[in-house]
Amino acid sequence: MNFRLEDQFVVHIPALQRFARTLTGAPERADDLVQDCLERAIRKKSLFRQPNNPRAWLFKIMHNVYRNQVVKVRPTADIEELENLAEAPRQDGVMELTDVRAAMHFLSKEHQEILMLVAVEGLSYAEAADILNVQKGTIMSRLARARDHLRSIMNGERQQKGEAR
(Lines give C-alpha, C1' and ligand atoms only; values in the text may rest on other atoms or scores of the structure.)
Protein backbone atom coordinates (compact mmCIF):
# COMPACT_ATOMS: atom_id res chain seq x y z
CA MET A 1 0.00 0.00 0.00
CA ASN A 2 1.40 3.39 -0.99
CA PHE A 3 0.87 6.23 1.49
CA ARG A 4 0.91 9.87 0.59
CA LEU A 5 3.43 12.02 2.46
CA GLU A 6 0.57 13.91 4.10
CA ASP A 7 -0.66 10.65 5.65
CA GLN A 8 2.69 10.32 7.46
CA PHE A 9 2.30 13.76 9.06
CA VAL A 10 -0.50 12.62 11.37
CA VAL A 11 1.72 10.53 13.64
CA HIS A 12 3.96 13.56 14.24
CA ILE A 13 1.21 15.96 15.32
CA PRO A 14 1.64 15.31 19.10
CA ALA A 15 5.38 16.04 18.88
CA LEU A 16 4.68 19.13 16.78
CA GLN A 17 2.19 20.31 19.39
CA ARG A 18 4.75 19.90 22.18
CA PHE A 19 7.37 21.83 20.23
CA ALA A 20 4.84 24.52 19.29
CA ARG A 21 3.91 24.99 22.97
CA THR A 22 7.59 25.43 23.76
CA LEU A 23 7.99 28.02 21.03
CA THR A 24 4.82 30.01 21.68
CA GLY A 25 4.19 29.51 25.39
CA ALA A 26 0.43 29.46 24.75
CA PRO A 27 -1.73 26.44 23.81
CA GLU A 28 -4.03 28.43 21.51
CA ARG A 29 -1.08 29.96 19.64
CA ALA A 30 0.56 26.54 19.53
CA ASP A 31 -2.43 25.04 17.73
CA ASP A 32 -2.28 27.81 15.13
CA LEU A 33 1.45 27.23 14.67
CA VAL A 34 0.93 23.48 14.14
CA GLN A 35 -1.75 24.22 11.55
CA ASP A 36 0.48 26.75 9.77
CA CYS A 37 3.33 24.24 9.79
CA LEU A 38 1.22 21.44 8.32
CA GLU A 39 -0.25 23.73 5.67
CA ARG A 40 3.23 24.81 4.57
CA ALA A 41 4.47 21.19 4.61
CA ILE A 42 1.63 20.13 2.33
CA ARG A 43 2.28 23.06 -0.03
CA LYS A 44 6.03 22.32 -0.10
CA LYS A 45 5.91 18.51 -0.12
CA SER A 46 7.59 18.40 -3.52
CA LEU A 47 10.76 19.71 -1.82
CA PHE A 48 10.92 16.85 0.67
CA ARG A 49 13.67 14.31 -0.08
CA GLN A 50 13.26 11.61 2.62
CA PRO A 51 9.73 10.23 2.29
CA ASN A 52 10.16 7.71 5.12
CA ASN A 53 11.05 10.27 7.82
CA PRO A 54 9.27 13.62 7.68
CA ARG A 55 9.67 14.31 11.42
CA ALA A 56 12.81 16.47 11.36
CA TRP A 57 11.57 18.21 8.21
CA LEU A 58 8.30 19.13 9.96
CA PHE A 59 10.21 20.50 12.97
CA LYS A 60 12.34 22.62 10.65
CA ILE A 61 9.26 23.99 8.91
CA MET A 62 7.65 24.78 12.26
CA HIS A 63 10.75 26.55 13.51
CA ASN A 64 10.93 28.63 10.32
CA VAL A 65 7.22 29.48 10.41
CA TYR A 66 7.55 30.54 14.04
CA ARG A 67 10.60 32.71 13.31
CA ASN A 68 8.75 34.40 10.45
CA GLN A 69 5.76 35.30 12.61
CA VAL A 70 5.56 38.28 14.88
CA VAL A 71 6.31 36.98 18.36
CA LYS A 72 4.55 38.70 21.23
CA VAL A 73 6.45 39.01 24.49
CA ARG A 74 4.85 36.75 27.06
CA PRO A 75 4.82 37.65 30.73
CA THR A 76 7.29 35.84 32.94
CA ALA A 77 7.23 35.05 36.61
CA ASP A 78 9.28 37.16 38.99
CA ILE A 79 12.22 35.87 41.02
CA GLU A 80 10.08 35.32 44.16
CA GLU A 81 7.93 32.86 42.23
CA LEU A 82 11.07 31.02 41.15
CA GLU A 83 12.33 30.87 44.75
CA ASN A 84 8.98 29.53 45.94
CA LEU A 85 9.04 26.95 43.17
CA ALA A 86 12.51 25.77 44.17
CA GLU A 87 11.46 25.46 47.82
CA ALA A 88 8.20 23.60 47.17
CA PRO A 89 8.15 20.06 48.56
CA ARG A 90 8.28 17.25 46.01
CA GLN A 91 5.45 14.80 46.46
CA ASP A 92 5.90 12.73 43.33
CA GLY A 93 7.11 12.74 39.74
CA VAL A 94 4.17 14.88 38.65
CA MET A 95 5.28 17.71 40.93
CA GLU A 96 8.81 17.50 39.59
CA LEU A 97 7.58 17.59 36.00
CA THR A 98 5.49 20.64 36.86
CA ASP A 99 8.57 22.27 38.38
CA VAL A 100 10.63 21.54 35.28
CA ARG A 101 7.95 23.00 33.01
CA ALA A 102 7.78 26.13 35.14
CA ALA A 103 11.57 26.44 35.28
CA MET A 104 11.78 26.11 31.49
CA HIS A 105 10.03 29.49 31.21
CA PHE A 106 13.07 31.11 32.81
CA LEU A 107 15.36 29.79 30.07
CA SER A 108 16.14 31.72 26.92
CA LYS A 109 14.15 30.75 23.84
CA GLU A 110 17.32 29.16 22.39
CA HIS A 111 17.69 26.91 25.42
CA GLN A 112 14.00 25.99 25.45
CA GLU A 113 14.14 25.01 21.78
CA ILE A 114 17.25 22.85 22.09
CA LEU A 115 16.00 21.04 25.20
CA MET A 116 12.67 20.33 23.53
CA LEU A 117 14.21 19.03 20.31
CA VAL A 118 17.01 16.89 21.76
CA ALA A 119 16.02 15.99 25.32
CA VAL A 120 12.25 15.68 24.89
CA GLU A 121 11.72 14.77 21.23
CA GLY A 122 14.89 12.70 20.95
CA LEU A 123 16.20 14.24 17.74
CA SER A 124 19.86 13.75 16.95
CA TYR A 125 22.31 16.63 17.22
CA ALA A 126 22.53 16.69 13.43
CA GLU A 127 18.76 16.90 13.02
CA ALA A 128 18.49 19.66 15.63
CA ALA A 129 21.34 21.54 13.95
CA ASP A 130 19.52 21.38 10.63
CA ILE A 131 16.23 22.55 12.17
CA LEU A 132 17.84 25.48 13.97
CA ASN A 133 20.26 26.32 11.12
CA VAL A 134 23.40 26.03 13.26
CA GLN A 135 26.43 23.74 13.43
CA LYS A 136 26.30 20.44 15.31
CA GLY A 137 28.93 21.73 17.77
CA THR A 138 26.70 24.71 18.52
CA ILE A 139 23.88 22.31 19.37
CA MET A 140 26.14 20.39 21.73
CA SER A 141 27.33 23.51 23.56
CA ARG A 142 23.83 25.06 23.73
CA LEU A 143 22.43 21.83 25.07
CA ALA A 144 25.10 21.65 27.77
CA ARG A 145 24.47 25.28 28.77
CA ALA A 146 20.70 24.76 28.68
CA ARG A 147 20.94 21.73 30.96
CA ASP A 148 23.26 23.59 33.35
CA HIS A 149 20.98 26.61 33.43
CA LEU A 150 17.87 24.48 33.99
CA ARG A 151 19.66 22.61 36.78
CA SER A 152 20.66 25.90 38.45
CA ILE A 153 17.07 27.17 38.24
CA MET A 154 15.77 23.93 39.73
CA ASN A 155 18.31 24.34 42.56
CA GLY A 156 16.95 27.81 43.29
CA GLU A 157 19.86 29.86 42.02
CA ARG A 158 18.95 33.42 41.02
CA GLN A 159 19.56 33.52 37.30
CA GLN A 160 17.10 35.31 35.07
CA LYS A 161 16.32 34.61 31.44
CA GLY A 162 19.06 35.84 29.15
CA GLU A 163 21.75 36.32 31.84
CA ALA A 164 25.21 35.12 30.94
CA ARG A 165 26.65 32.20 32.88
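**Exercise 1. Helix H2**

Task: In this predicted model, determine which residues of H2 are buried and which helices the buried residues of H2 pack against.

Solution:
1. The buried positions of H2 are Ala15, Leu16, Phe19, Ala20, Thr22, Leu23 and Thr24.
2. These buried residues pack against helix H3 (27-43), H4 and H7.
3. For the geometry, H2 has 12 residues, and the distance from its first C-alpha to its last is 16 Å. The value expected at 1.5 Å a residue is also given as 16 Å, and the helix comes close to that.
4. Just after H2 comes Gly25, with a positive phi of about 75°.

**Exercise 2. Helix H4**

Task: Compare the span of H4 with its expected value, and state how many of its 14 residues are buried.

Solution:
1. With 14 residues at 1.5 Å a residue, H4 should span 20 Å. The end C-alpha atoms of H4 are 20 Å apart, so the span agrees with the expectation.
2. Of the 14 residues of H4, 10 are buried, and the helix is mostly covered.
3. The buried residues are Ala56, Trp57, Leu58, Phe59, Lys60, Ile61, Met62, His63, Val65 and Tyr66. Lys60 is thus among the buried residues of H4.

**Exercise 3. Aromatic pairs**

Task: State how many aromatic pairs the structure holds, and classify each by its plane angle.

Solution:
1. The structure holds two aromatic pairs.
2. One pair is Phe9 and Trp57, with 6.3 Å centre to centre and 40° between the planes. Planes under 30 degrees apart count as stacked and over 60 as edge-to-face, the rest being tilted; the Phe9 and Trp57 pair is therefore tilted.
3. Phe9 belongs to helix H1 (residues 5-9) and Trp57 to helix H4; the two are 48 residues apart, and the pair links distant parts of the chain.
4. Buried means under 20% relative accessible area. Phe9, at 4% relative accessibility, therefore counts as buried, and Trp57 is buried too, at 17%.
5. In the other pair, the ring centres of Phe19 and Phe59 are 5.3 Å apart and the planes stand at 80°, so this pair is edge-to-face.
6. Phe19 lies in helix H2 and Phe59 in helix H4, so the pair ties together parts 40 residues apart in sequence. Both Phe19 and Phe59 are buried.

**Exercise 4. The largest pocket**

Task: Give the volume of the largest pocket, and identify the element with the largest share of its lining.

Solution:
1. The largest pocket holds about 500 Å³ of space.
2. It is lined by 17 residues, of which Arg18, Thr22, Arg101, Met104 and Met116 are the closest to its centre.
3. The elements that contribute two or more lining residues are helix H2 (13-24), helix H6 (93-104) and helix H7 (109-120).
4. H7 has the largest share of the lining, with five residues.
5. By class, the lining has 10 nonpolar, four polar and three charged residues.

**Exercise 5. The second largest pocket**

Task: Describe the second largest pocket by volume, by the residues closest to its centre and by the classes of its lining.

Solution:
1. The volume of the second largest pocket is about 280 Å³.
2. Among its 15 lining residues, the closest to the centre are Phe48, Ala56, Trp57, Lys60 and Asp130.
3. Helix H4 (55-68) and helix H8 (125-132) each supply at least two lining residues, and H4 gives the most, with five.
4. The lining divides into six nonpolar, three polar and six charged residues.
5. Trp57, which lines this pocket, is also the Trp57 of the tilted pair with Phe9.

Methods. Residues numbered from 1 in each chain as written. Predicted model: local features only at pLDDT ≥ 70, side-chain atom pairs only at ≥ 80, totals over all residues. Heavy atoms only, no water. 1 Å grid on protein atoms, 1.4 Å probe; cavity = no way out; pocket = protein on both sides within 12 Å on 5 of 7 lines; lining within 4 Å. Points joined across faces, edges and corners; volume = space filled by probe spheres on them. Helix = DSSP H or I, 4+ residues; strand = E, 2+ residues; numbered from the N terminus. Nonpolar A, V, L, I, M, F, W, Y, C, P; charged D, E, K, R; others polar. Expected span 1.5 Å × (residues − 1). Buried < 20%, exposed > 50% of the residue type's maximum accessible area, 1.4 Å probe, protein only. Contact = heavy atoms within 4.5 Å. Phe/Tyr/Trp six-rings, centres within 6.5 Å; stacked < 30°, edge-to-face > 60°.
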